[in-house]
Amino acid sequence: MADPKHPRHYDEAFKRQIVQLYENGKPAREIKDEYDISHSTLHRWVQGIRNSGSTKAADNRTPEQNELIELRKRNRQLEMEVDVLKQAALIFARK
């Protein structure tokens, strides 16, 4: 199995090839053993291609999930800006 700290990355062509093997009837257990892919990874690729034609997570998100991700990014950005302003206020207060 892959090291969780260093996950493997597969190109789109490989993912499509694995899904094609599965769709053509090759048992998931054989695919997992032969290519050392976890059950959840194989399932995610198959579902992604069936749902949207893509294995990329961004292509398979709902609009609500995309909005939540964008709001979290914006929140982190605003928190960083507040921290910078607090530090600047402390510096100017000393003068």
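The chain exposes about 7800 Å², of which 54% is supplied by carbon and sulfur atoms. These values refer to a predicted model. Of the 95 residues of the chain, 13% count as buried. The secondary structure comprises four helices and zero strands, and the order of elements from the N terminus on is α-α-α-α. Among contacts between residues at least 6 apart in sequence, 44% join residues at least 24 apart.

The packing of helix 1 with helix 2 was examined next. Two packed helices are described by the angle between their axes and the distance between the axes. The axes of helix 1 and helix 2 come within 9 Å and cross at roughly 145°, and the crossing is right-handed. On the side of helix 1, the contact is made by Phe14, Ile18, Leu21 and Tyr22; helix 2 contributes Ala28, Ile31 and Tyr35. By residue class, this contact of helix 1 with helix 2 divides into seven nonpolar, no polar and no charged residues.

Aromatic rings were then considered across the model. A pair of aromatic rings is described by the distance of the centres and the angle of the planes. A search of the whole structure finds four aromatic pairs. One of these pairs is formed by Tyr10 and Trp45, whose ring centres are 5.2 Å apart and whose planes stand at 80°; because an angle over 60 degrees counts as edge-to-face, the pair is assigned to that class. Tyr10 lies in the segment before helix 1 (12-23), whereas Trp45 belongs to helix 3 (residues 39-52), so the pair ties together parts that are 35 residues apart in sequence. The two partners differ in their burial class: Tyr10 is partly exposed, with a relative accessible area of 24%, while Trp45 counts as buried at 3% relative accessibility, because buried means under 20%.

A further aromatic pair is that of Phe14 and Tyr35, which is edge-to-face, with 5.9 Å from centre to centre and 70° between the planes. This pair links distant parts of the chain, since Phe14 is in helix 1 and Tyr35 is in helix 2 (residues 28-35), 21 residues apart. Tyr35 is partly exposed, with a relative accessible area of 27%. Both Phe14 and Tyr35 also take part in the contact between helix 1 and helix 2. Ring pairs link Tyr10, Phe14, Tyr35 and Trp45 into a cluster.

The surroundings of individual residues add detail to this picture. When residues up to four places away in sequence are not counted, Tyr10 touches Lys15, Asp36, Ile37 and Trp45. Among these neighbours, Asp36 is placed in the loop between helix 2 and helix 3. Most residues other than glycine have a negative phi. Asp36, although it is not a glycine, has a positive phi of about 55°. Its relative accessible area of 31% makes Asp36 partly exposed, because this class lies between the limits of 20% for buried and 50% for exposed.

Two positions in helix 3 were also related to earlier parts of the chain. Trp45 is found in helix 3, and its C-alpha atom is separated by 8.0 Å from that of Arg16, 29 residues apart along the chain. Gly48 is likewise found in helix 3, where it counts as buried at 3% relative accessibility. The C-alpha atoms of Gly48 and Val19 are separated by 9.8 Å, and these two residues are 29 residues apart along the chain.

Note on methods: Residues numbered from 1 in each chain as written. Predicted model: local features only at pLDDT ≥ 70, side-chain atom pairs only at ≥ 80, totals over all residues. Heavy atoms only, no water. Phe/Tyr/Trp six-rings, centres within 6.5 Å; stacked < 30°, edge-to-face > 60°. Helix = DSSP H or I, 4+ residues; strand = E, 2+ residues; numbered from the N terminus. Buried < 20%, exposed > 50% of the residue type's maximum accessible area, 1.4 Å probe, protein only. Axes fitted to C-alpha atoms, helices over the stretch in contact; angles between N-to-C directions. Left-handed = near helix turned anticlockwise from the far one by under 90°. Contact = heavy atoms within 4.5 Å. Nonpolar A, V, L, I, M, F, W, Y, C, P; charged D, E, K, R; others polar. Areas by Shrake-Rupley, 256 points an atom, 1.4 Å probe, with all protein chains shown as cover.
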